[in-house]
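Grab a pencil and work through these exercises with the model open beside you. Try each task before you read its solution.

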Amino acid sequence: MNNFEFYNPVRVLFGEGQIAKIVDLLPDNGKILLVYGGGSIKMNGVYDQVLEVLSTKSFVEFGGIKPNPEYEFLLPAIDLVKSENIEFILAVGGGSVVDACKFISAAANYDGDDPWSILSNADPVKSTIPLGVILTLPATGTEMNGNSVITRASTKEKFAFSSPEVFPQFSVLDPTIPYSLPRSQVVNGVIDAYIHVIEQYLNYHESADVQDHYAESLLRILKTEGGRAITFEKPDYNNRANIMWAATNALNHFLSAGVTVDWTTHMLGHELTALHGLDHAVTLAIVLPGVMKVMKEVRKEKLLQYANRIWDLSGSDHSGIIDQAILNTEQFFIKLGVGVR
């Protein structure tokens with residue numbers, strides 16, 4: 001196992017009805033920026049719950065964040081933070097909303113000429129606006145990490161940045177909130193989380209048993225509960241709770257501690273999204289099997305471990321076992337309703 005330094009300061013409030021508890025975690029006097037997406041929170045009751053919490057606070061709203069948040073759309077929000085002297089950002093949404101808020105948080109105090117440099121040049125983030133999260137879609141794990149991905153529509157570029165300065169102060173994970181999501185978004189979340197785990201797990205054999213077994217448990221949970229999620233006539237609380245918590249743990253830096261990670265699938269997927277507008281998880285399902293095939297010999301030992309511990313495959317034909325594990329992975333995505341071509 002490699003040397004590592006681990007840090008994760010996010011307070012998680014997990015379970016039904018936890019939104020009400022954030023009233024004590026928000027600033028008493030400072031102005032808050034409430035950020036959300038296309039308005040679904042106004043139809044599923046989340047918006048009303050948030051307004052109840054904010055009833056004694058001073059706040060302004062910025063809505064309309066779309067999937068794969070665009071740099072150009074976020075510039076007015078950055079100006080709003082400055083003009084309204086915002087002291088706290090509350091993100092209510094899925095990964096795109098949270099990622100957008102992380103960039104707004106970092107860009108509002110950026111002292112350079114163009115905040116895009118935080119993404120394109122990896123300019124260091126030195127000062128931020130504190131933020132909190134109410135998660136509406138389990139998928140990206142952004143609610144418990146310091147990562148953000150932003151698209152620049154004018155140049156069809158998609159870049160990520162990471163900084164401990166943009167860890168949320170808290171994240172509310174209420175498994176009942178995503179009940180209103182369409183099946184496609186539930187499935188996308190499962191696939192995104194599954195491949196987050198894969199990218200940290202299918203590395204080299206580094207005797208990181210804790211990380212390996214942790215990753216394998218998450219893969220099995222996502223495989224089982226993800227498959228079950230699409231069979232229920234109405235959402236099942238425990239099923240959705242396990243998916244939500246697995247998605248958070250898939251990318252909160254636990255799995256990457258002390259191991260070599262490889263984000264090839266995500267980097268290629270980002271390009272497909274930027275160029276063609278495909279859903280992020282869809283691009284990952286397309287790219288991952290090919291990456292596994294290309295890396296078949298280099299990652300042979302870990303692929304065999306994956307085949308055995310996740311798909312119960314064993315035998316002397318190592319090449320055939322790996323091929324079957326890749327095929328099983330493809331079939332899992334197809335079963336969920338996502339194509340791999």
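**Exercise 1. Find which helices the buried residues of H10 pack against.**

Step 1: Get the ground rules straight. This is a predicted model, where local features need pLDDT of at least 70 and side-chain atom pairs count only at pLDDT 80 or more, while totals for chains, interfaces and linings use all residues. Residues are numbered from 1 along each chain as its sequence is written, and side-chain values use heavy atoms, with hydrogens and water left out.

Step 2: Locate H10. Helices (H or I, at least four residues) and strands (E, at least two) are DSSP runs, numbered from the N terminus. H10 covers residues 300-311, so to speak a run of 12 residues.

Step 3: List its buried residues (buried means under 20% relative accessible area, with a 1.4 Å probe and protein chains only). They are Lys302, Leu303, Leu304, Gln305, Tyr306, Ala307, Ile310 and Trp311.

Step 4: Look for their partners. These buried residues pack against H5 (183-201), H6 (209-229), H9 (280-294) and H11 (318-335).

**Exercise 2. Check the span of H10 against the expected one, then see what follows the helix.**

Step 1: Work out what to expect. The expected span is 1.5 Å times one less than the number of residues, and for H10 that comes to 16 Å.

Step 2: Compare. From first C-alpha to last, H10 reaches 15 Å, close to the expected value.

Step 3: Step off the end. Asp312 follows H10, and its phi is positive, near 60°.

**Exercise 3. Describe how H10 and H11 pack.**

Step 1: Take the axes (lines fitted to C-alpha atoms, for helices over the stretch in contact, with angles from 0 to 180 degrees between N-to-C directions). The axes of H10 and H11 are 9 Å apart, at an angle of about 60°.

Step 2: Name the arrangement. Angles under 35 degrees count as roughly parallel, over 145 as roughly antiparallel, 65 to 115 as roughly perpendicular and the rest as oblique. H10 and H11 are therefore oblique.

Step 3: Pick out the residues in contact (heavy atoms within 4.5 Å). On the H10 side you'll find Lys300, Leu303, Leu304, Tyr306, Ala307 and Trp311; they meet His318, Ile321, Ile322, Ala325, Asn328, Thr329 and Phe332 of H11.

Step 4: Sort them. Ala, Val, Leu, Ile, Met, Phe, Trp, Tyr, Cys and Pro count as nonpolar, Asp, Glu, Lys and Arg as charged, and the others, Gly among them, as polar. The contact of H10 with H11 has nine nonpolar, three polar and one charged residues.

**Exercise 4. Do the same for H5 and H10, then zoom in on Ile198.**

Step 1: Here the axes are 11 Å apart and the angle is about 140°, so H5 and H10 are oblique too.

Step 2: Tyr194, Ile198 and Tyr201 of H5 make the contact with Lys302, Gln305, Tyr306, Ile310 and Trp311 of H10. By class, that's six nonpolar, one polar and one charged.

Step 3: Now Ile198, which sits in H5. Its relative accessible area is 2%, so Ile198 is buried.

Step 4: Ignoring neighbours within four places in sequence, Ile198 contacts Leu219, Leu288 and Tyr306. Ile198 and Tyr306 are 108 residues apart in sequence, yet 9.3 Å apart in space, C-alpha to C-alpha.

**Exercise 5. Classify the packing of H9 and H11.**

Step 1: Their axes come within 10 Å and cross at roughly 175°. That makes H9 roughly antiparallel to H11.

Step 2: Ala285, Leu288, Pro289, Met292 and Lys293 of H9 meet Ile326, Thr329, Glu330 and Phe333 of H11.

Technical notes: Buried means under 20% relative accessible area, exposed over 50%, partly exposed in between (1.4 Å probe, protein chains only).
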